[in-house]
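Work through the exercises below with the sequence and the structure open beside you. Each task is followed by a solution in steps.

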Amino acid sequence: MTMIMPTSFLLPEDLLALALKITAGTTATITVVNLCILFFFLQKNKPADADDNDNDDNAKTHHHHHHHHRQEALDASHQLTNGLINFGLGVYGTVICVAAHYNNPSEPILVASFSHYQDDILNHIIGYATLHHISFAAMQVGYNLWNLPYGYFLVNEPPAMIAHHIMVIITTSLSA
């Protein structure tokens, strides 16, 4: 357990460096996973190539089919990647919670996972940190740093989701 300086919202330098490495590693890992999934969807049901002697109308139709297929692959890979990452983060968060309860079985499970923060919510935010809580927050930052540009530029997520990604980045940055 590490005491965080109450005069700063940032982690100590050693933990901050670790959180940044976890964030960058998470973003890179999710990018690679998504590219593999995207490649799979692009290869699946790939539109047939146009004949070389097609007229302009057929070429335009062919281009439209390729664009539509590419967009469907982007959407599907985004959804599958989000599902996998949310499942993984959910399992990791559950493990943290259960491990905290195992270490302090006299308290209810949700209280036990935060019991080392004392009773003050301010201490929960800037008081004490464990490697698991820092890691979870840093992974959330990395995940949303990947999801923000992907959602905005590639799959046209609604403004509410874009705002969600920004708020998660800000909120979890206070913990990581």
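**Exercise 1.** Find the side chain with which the side chain of Asn147 makes a polar contact. Then decide whether Asn147 is buried or exposed.

Solution. The model is predicted, so treat every value as computed from it.
- Step 1: The partner is the side chain of Asn82, and the distance of this polar contact is 2.9 Å.
- Step 2: Locate Asn147 in the chain; the residue belongs to helix α5.
- Step 3: List its contacts, leaving aside neighbours within four places in sequence: His78, Asn82, Glu157 and His165.
- Step 4: The relative accessibility of Asn147 is 1%. Buried means under 20%, so Asn147 counts as buried.

**Exercise 2.** Decide whether Asn156 is buried or exposed, and state what is notable about its phi angle.

Solution.
- Step 1: Asn156 sits in the loop between α5 (131-154) and α6 (159-173).
- Step 2: Its relative accessible area is 65%. Exposed means over 50%, so Asn156 is exposed.
- Step 3: The phi of Asn156 is near 55°, which is a positive value in a residue other than glycine.

**Exercise 3.** Which residues make up the largest nonpolar core, and which helices each supply at least two of them?

Solution.
- Step 1: The core has 12 residues in all: Ile30, Ile37, Leu38, Phe41, Ala73, Leu74, Ile85, Leu89, Tyr143, Trp146, Tyr150 and Val155.
- Step 2: Helices α1 (13-43), α2 (56-103) and α5 each supply at least two residues of this core.
- Step 3: A second, separate core has 6 residues, among them Leu11, Leu15, Ile22 and Ala138.
- Step 4: As background, nonpolar side chains tend to be buried together in soluble globular proteins.
- Step 5: Take Phe41 as a member of the largest core. Leaving aside neighbours within four places in sequence, Phe41 is in contact with His69, Ala73, Ala76, Ser77 and Leu80.

**Exercise 4.** Describe the chain as a whole: how many helices and strands does the chain have, and what percentage of its residues is buried?

Solution.
- Step 1: The secondary structure comes to 6 helices and 2 strands.
- Step 2: Along the sequence, these follow the pattern β-α-α-α-α-β-α-α.
- Step 3: The chain has 176 residues, and 33% of them are buried.
- Step 4: Of the contacts with a separation of 6 or more, 69% are between residues 24 or more positions apart.
- Step 5: The chain exposes about 11,200 Å², and carbon and sulfur atoms supply 66% of this area.

Methods:
Residues are numbered from 1 along each chain as its sequence is written. This is a predicted model: local features need pLDDT of at least 70, side-chain atom pairs count only at pLDDT 80 or more; totals for chains, interfaces and linings use all residues. Side-chain values use heavy atoms; hydrogens and water are left out. Helices (H or I, at least four residues) and strands (E, at least two) are DSSP runs, numbered from the N terminus. Buried means under 20% relative accessible area, exposed over 50%, partly exposed in between (1.4 Å probe, protein chains only). A nonpolar core is a set of buried Ala, Val, Leu, Ile, Met, Phe, Trp, Tyr and Cys residues joined through side-chain atoms within 4.5 Å. Contact means heavy atoms within 4.5 Å. A polar contact is a pair of N or O atoms within 3.5 Å; within protein, one must be able to donate a hydrogen and the other to accept it, and residues adjacent in sequence count only if both atoms are side-chain atoms. Accessible areas come from the Shrake-Rupley method with a 1.4 Å probe; for residues, only the protein chains shown count as cover.
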